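Colleague: I should be grateful for a close look at a single part of this chain, namely the nonpolar patch on its surface. Please also place that part within the chain as a whole.

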Amino acid sequence: MKKGALSRVAESLPFVLTPLLVSPLHPERGSVVAPFLVLGLPLLLVCLAWFCTMAALADAVSGVFRRHPSFVRWQRRVMGGVYVALGVRLAFVQRE
């Protein structure tokens, strides 16, 4: 299964933000490895907990959908109606 763009961004967030908090420009302050780990590991653990929670919720919701296929049919109809309504609205939007 391919990962979405949002998932790739969320996975790389700890590695993108942490270097902004650690300044390698001052060597007299010592190594940057320890502050990088102190700041990066908690952020990484929070991201891991978030993704595990989302996976557990998705598993629970998929079980409901499997037990009630009529709900899935109605959900598709409602979402199809929403998309058609948005398309009709978009067709009548005037540019300025």
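Modeller: What follows begins with the patch and then moves outward to the helices and the whole chain. The model is predicted, and its confidence is therefore taken up below together with the helices.

The patch is a nonpolar one, formed on the surface by Val32, Val33, Phe36, Leu37, Leu41 and Leu44. Together these residues offer about 460 Å² of accessible area. One of them, Leu41, has a relative accessible area of 45%. Leu41 is therefore classed as partly exposed, since that class lies between the limits of 20% and 50%. Leu41 belongs to helix α2, which comprises residues 33–67.

Two cysteines may be considered next. Cys47 has a relative accessible area of 14% and is therefore buried, the limit for that class being under 20%. Cys52, by contrast, reaches 47% relative accessibility and so counts as partly exposed. The structure contains zero disulfides.

The database record adds a further layer. In an unreviewed entry, UniProt lists residues 37–57 and residues 78–94 under "transmembrane region". In the model, residues 37–57 are 100% helix and 0% strand, and the C-alpha atoms at the two ends are 30 Å apart. Residues 78–94 are 82% helix and 0% strand, with 26 Å between the end C-alpha atoms.

As to the overall fold, the chain has three helices and zero strands, and its elements follow the pattern α-α-α along the sequence. Confidence varies among these elements: helix α1 (residues 5–21) has the lowest mean pLDDT, at 64, whereas helix α3 (residues 69–91) has the highest, at 93. For the chain, the average pLDDT is 80, and 71% of the residues score at least 70.

The surface of the chain completes the setting of the patch. Of the 96 residues, 7% count as buried. The accessible surface amounts to about 8600 Å², and carbon and sulfur atoms account for 71% of that area.

To return to the part requested: the patch joins two valines, Val32 and Val33, with Phe36 and the leucines Leu37, Leu41 and Leu44. Within this group, Leu41 is the residue described here in detail, being partly exposed and lying in helix α2.

Notes
Residues numbered from 1 in each chain as written. Predicted model: local features only at pLDDT ≥ 70, side-chain atom pairs only at ≥ 80, totals over all residues. Heavy atoms only, no water. Patch = residues over 30% accessible without salt bridge, like charges linked within 9 Å, V, L, I, M, F, W, Y side chains within 5 Å. Areas by Shrake-Rupley, 256 points an atom, 1.4 Å probe, with all protein chains shown as cover. Salt bridge = Lys/Arg side-chain N within 4 Å of Asp/Glu carboxyl O. Helix = DSSP H or I, 4+ residues; strand = E, 2+ residues; numbered from the N terminus. Buried < 20%, exposed > 50% of the residue type's maximum accessible area, 1.4 Å probe, protein only. UniProt positions renumbered as here; feature names shortened; annotations may be inferred. pLDDT = per-residue confidence, 0-100. Disulfide = S-S within 2.5 Å.
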